[in-house]
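Student: I am new to this structure. Could you take me on a close look at the empty spaces inside it, and at what lines them?

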Amino acid sequence: MSGVTPIDRIKGTAVPLRGDNIDTDRIIPARFLKEISFSGLGAHVFADDRRSMPGHPFANADFAGASILLVNENFGSGSSREHAPQALMRWGIGACVGQSFSEIFLANSTTIGLPCATAAAADIEALMAITEHAPTTPMALSVRTRTITAGGRTVALHFPAAVRDSLLTGQWDATGLLLSEFEDVQRIASRLPYVTGF
Amino acid sequence: MPRTLLQKVWDLHTVRRLPSGQTQLFIGLHLIHEVTSPQAFDMLRRRGVGVAFPERTYGTVDHIIPTLDQSRPFADGLAEQMMAALERNCDEFGIRVAGLDSDRQGIVHVIGPELGLTQPGMTIACGDSHTSTHGAFGAVAFGIGTSQVRDVLASQCLAIAPLKVRHISVSGELGPGVYAKDVILEIIARLGVRGGVGYAYEYGGEAVERMTMDERMTMCNMSIEGGARIGYVNPDETTFAYLEGRPHAPGGDAFVRAKEWWRSMASDADAAYDDVVEIDGGAIEPRVTWGINPGQSIGVSQPIPDKASAATDGEAIGEALDFMGFTAGSPLAGTRVDVAFVGSCTNGRLSDLREAARVARGSSVASHVRALVVPGSTQVRQAAEAEGLDEVFLQAGFEWRGAGCSMCLAMNPDRLNGREVCASSSNRNFKGRQGSPTGRTLLMSPAMVAAAAISGEVTDVRTML
């Protein structure tokens, strides 16, 4: 069993990635999913966008080494590939802050210990402006206090209660929790008509 | 108290409420494939954990397999490695797998229903976002990521937050040449690609009640494109008739008892919904996407929207038009296509191939078009061949392939080149989705794809029926 690791504070510089509905095919194109391990994914994050969009933040040396990703609406829509948050994490991202996230992306990120917080559009804009103006601005995000501070400004963050709870308690890796009352699992299974043969 | 199907299934499968407020939900059927499972099995091995319910798990291969030459080892070493990993993992943990040597192989969302594994009242999970397809049977089915695949393998459970339910009622009768694909594209255009976040979509109304199971699967399949992780249709006589006699469906007296239980799982007539949406099915035209997400579609007779026509989404429209090379205000009909693809978990079933063949019969694919028909499963392929559809397609100049995901997502040799435009019956028109970073995808029904293949350009299929 893996240990329980609470996640609260993420510090570092940020990378601003503007645009709504940035889907998982863009985060990690499908051809890079032909792997039986996640370990090499960091090198391929936004592989096509980096090549085709001049000045893409993930190709900009100013943002190399960033640990907080700033995004707009519906980030991570599309495929359920966990490879997307895995690739971001292996590139160096430790937390995402955006206007909204797709449901499966949020679940996958939480399950691998990558906090995704939402903030008001005006606050996202302010954070993006700060980091675009001065990419070395340090930021500090706290899951516990639901805030991110940057350049003397503190912005309120929102997490679904269960997401925040699982990060702070270290239960984001749910396997141990789900196995802890296994007799209850067997009891539920044994009363399902399709398990018992109707 | 009256309940929806979602609530009934949820209650029945709830192991407990977790301290976080999430539900520990028992998963009745876990479907796995080669792309999102190998890392999950590795995590199990590293933790010394086994598979809790191997008999409730079923594997197949679909994403990476070639559809032309399926002999082993595959020409692509990475694909071969993934295939071998799935075989090894299923063998080691005692999981049934429909491999290439089995006539049950196919796209996971085609074979689950086809084999009768998918049944009403079940919870179903699979490491693929189009798992929502199985909701067509009145199952609660959702896509998960690899770490959750690990959790389901280890415990047959997921930690998941309850969802709201939006009832989407499609009234009236669909016109000729209008299909389930057009209905779901209309719904996504209307409610937006993130309109369904936090919701399960329950589809009903006369038009849905009249649909075959294949059509209901097309609807539910694309729920996720509207942001809804789950889509479902309440089970009815159409559902039961489909399931009767399937290899994994209950037989004999058990089938009679099962029907009674399945019927009881449907939403109660007076169930309360968090939201209700009404759509006039009779007003829906054949639809085509013009942009880079599945919400960007129009009726085939309508002009491509203008940046100024949407107050909030102008920037997104501009980005899409730039990428596609389309002009606002122009018609989409008449757009030259280079490739035509009939297939995928959205529209790769027998009735889809029949509708495409109806258009293709006796005609020829335009000389500049590369056209592929890829059955969703080996059983679909065999059934289509038994009624001569392969001959119809081959005579018209389509390629007739083996079963797999093919050009829907380009994890196999089937892909677009350069800026090719593809008329596609698949589910996503994202940038780069079909394998070329600059390739362009126009989503439409299989009949519309066949029409585009024949005429060489986007064409209203109603003029060809």
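Tutor: Here is a walk through the enclosed cavities, then the open pockets.

A word on conventions comes before the tour. This is a predicted model, in which local features need pLDDT of at least 70 and side-chain atom pairs count only at pLDDT 80 or more, while totals for chains, interfaces and linings use all residues. Residues are numbered from 1 along each chain as its sequence is written, chains are lettered from A and ligands numbered from 1 in the order in which they are written, and side-chain values use heavy atoms, with hydrogens and water left out.

Rolling a probe the size of a water molecule over the atoms shows where empty space is left. On a 1 Å grid over the protein atoms alone, a cavity is a set of points where a 1.4 Å probe fits but cannot get out, whereas a pocket is an open set with protein on both sides within 12 Å along at least five of seven lines; lining residues have an atom within 4 Å of a point. Points are joined across faces, edges and corners, and a volume is the space filled by probe spheres set on them.

Two cavities reach 30 Å³ or more. The largest cavity has a volume of about 200 Å³. Among its 22 lining residues, H63(B), D128(B), H130(B), L409(B) and R433(B) are the closest to its centre. Domain 1 (5–160) and domain 3 (287–463) of chain B both contribute to the lining, so the largest cavity lies between them; these bounds come from an automatic or database domain assignment.

The second largest cavity holds about 70 Å³. Its lining includes D25(A), R31(A) and D48(A) from chain A, and L409(B) and R433(B) from chain B.

Now to the open spaces. The largest pocket has a volume of about 1,000 Å³. It has 49 lining residues, and G19(A), D20(A), N21(A), A316(B) and E319(B) lie nearest its centre. Helix 11 of chain B gives the most to this lining, with four residues; helices here are DSSP runs (H or I, at least four residues), numbered from the N terminus.

The second largest pocket, at about 820 Å³, is lined by 40 residues, with L106(A), P160(A), V163(A), Q22(B) and A161(B) nearest its centre. Domain 1 (5–160) and domain 2 (164–283) of chain B both give residues to the lining, so the second largest pocket lies between them.

Key. Helices (H or I, at least four residues) and strands (E, at least two) are DSSP runs, numbered from the N terminus.
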